[in-house]
Amino acid sequence: MHIWVDADACPAVIKDILYRAAERAKIRMTLVANKFLRTPPSLYIRTLQVARGFDAADSHIVRELQAGDLVITADIPLAADVLAKGGHALNPRGELYTPDSIEERLALRNYLDELRASGVQTGGPAALDRTDRKRFADQLDRLLTRQAGKS
């Protein structure tokens, strides 16, 4: 398993959890972004800066992704592409996307896009809180433990 992070919008507190997990589990992780990222020195953590452009980081992740890899993203279309390639997708709030849930999430996203296009203010997500961070860390730990059991 390789962990890919859609890092442009990933909260710093979630990146910190991921840094510790990569070191503890000795698992390779790549943060993909269109800007420079500072990470702790590690044999397991690397960054990849892609060109600026619409979905450049997402496209790179999908291109490089192998079945069984884990992608950290809040981007619903990227999560759908990850699942289609046999990967796992986890959002920064700890929701593990599944083939069943992704269809519903895509439909909701498209509906909200239509509302925004017609001028309706839909607001954004609530700020990440302690419960979200714990849910993320717990779900990540379960995935890594399951992966370690397969090795």
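This report walks through a predicted model, from its sheet to its largest pocket.

## The sheet

Start with the strands. Six of them form an open sheet, and their order is 3-2-1-4-5-6. The pairing in this sheet is mixed. Strand 3 (45-49) and strand 6 (96-97) stand at the edges. Each has a single partner strand, so one side of each is left without a neighbour in the sheet.

Strand 1 has strand 2 on one side and strand 4 on the other in the sheet order. Strand 1 and strand 2 run parallel and are joined by four bridges. One pairing to look for is D6, whose bridge partner in strand 2 is V32. Strand 1 also pairs with strand 4 (residues 70-72), again in the parallel sense, over three bridges. Here I3 stands opposite L70 of strand 4.

## Strand 2, an enclosed strand

How many of the five residues of strand 2 are buried? Five of the five are, so strand 2 is largely enclosed by the rest of the structure. In a regular strand, side chains alternate between the two faces of the sheet. Strand 2 can be read with that in mind. M29, L31 and A33 point one way, while T30 and V32 point the other way. Both sets are buried.

A33 makes a good close-up. This residue belongs to strand 2. A33 has a relative accessible area of 0%, so it counts as buried. Leaving out residues up to four places away in sequence, A33 touches A7, D8, L48, Q49 and V50. G87 is 54 residues from A33 along the chain, and the C-alpha atoms of the two are separated by 19 Å.

## Helices against the sheet

Helix 3 (residues 76-84) packs on the sheet. Which strands does helix 3 touch? They are strand 1, strand 4, strand 5 (88-90) and strand 6. The direction of helix 3 makes about 155 degrees with that of strand 5. Helix 5 (residues 130-150) lies across strand 1, strand 4, strand 5 and strand 6. Helix 5 runs at about 165 degrees to strand 5.

Look inside helix 3 for V82. V82 is at 0% relative accessibility, so it counts as buried. V82 touches L65, V71, G87, H88 and A89, with residues up to four places away in sequence not counted. Y97 is 15 residues from V82 along the chain, and their C-alpha atoms are separated by 9.6 Å.

## Helix 2 and its buried residues

In helix 2, the residues A57, D58, H60, I61 and V62 are buried. What do the buried residues of helix 2 pack against? Their partners are strand 1, strand 2 (29-33), strand 3, strand 4 and helix 3. An α-helix has 3.6 residues a turn, so residues three or four places apart point the same way.

H60 is one residue of helix 2 to pick out. Is H60 buried or exposed? H60 has 13% relative accessibility, and the cut-off for buried is under 20%, so it counts as buried. H60 is in contact with W4, V32, L48 and V50, leaving aside neighbours within four places in sequence.

## Two exposed loop residues

Loops offer a contrast. A9 is found in the loop between strand 1 (3-6) and helix 1 (12-25). A9 is exposed, with a relative accessible area of 70%. G124 lies 115 residues from A9 along the chain, yet their C-alpha atoms are separated by 13 Å.

K26 sits in the loop between helix 1 and strand 2. K26 is at 56% relative accessibility and the cut-off for exposed is over 50%, so K26 counts as exposed. Its backbone deserves a look too. Most residues other than glycine have a negative phi. K26 is not a glycine, but it has a positive phi of about 55 degrees.

## The largest pocket

Rolling a probe the size of a water molecule over the atoms shows where empty space is left. The largest pocket has a volume of about 800 Å³. Its lining is made of 33 residues. Which of them lie nearest the centre of the pocket? They are A74, D75, I76, R105 and P125.

Helix 2 (56-64) and helix 4 (99-117) each supply at least two residues of the lining. Helix 4 gives the largest share, six residues. By type, the lining residues divide into 16 nonpolar, seven polar and 10 charged.

Technical notes: Residues are numbered from 1 along each chain as its sequence is written. This is a predicted model: local features need pLDDT of at least 70, side-chain atom pairs count only at pLDDT 80 or more; totals for chains, interfaces and linings use all residues. Side-chain values use heavy atoms; hydrogens and water are left out. On a 1 Å grid over the protein atoms alone, a cavity is a set of points where a 1.4 Å probe fits but cannot get out, and a pocket is an open set with protein on both sides within 12 Å along at least five of seven lines; lining residues have an atom within 4 Å of a point. Grid points are joined across faces, edges and corners, and a volume is the space filled by probe spheres set on the points. Ala, Val, Leu, Ile, Met, Phe, Trp, Tyr, Cys and Pro count as nonpolar, Asp, Glu, Lys and Arg as charged, and the others, Gly among them, as polar. Buried means under 20% relative accessible area, exposed over 50%, partly exposed in between (1.4 Å probe, protein chains only). Two strands pair if DSSP finds at least two bridges between them. Contact means heavy atoms within 4.5 Å. Axes are lines fitted to C-alpha atoms, for helices over the stretch in contact, and angles run from 0 to 180 degrees between N-to-C directions.
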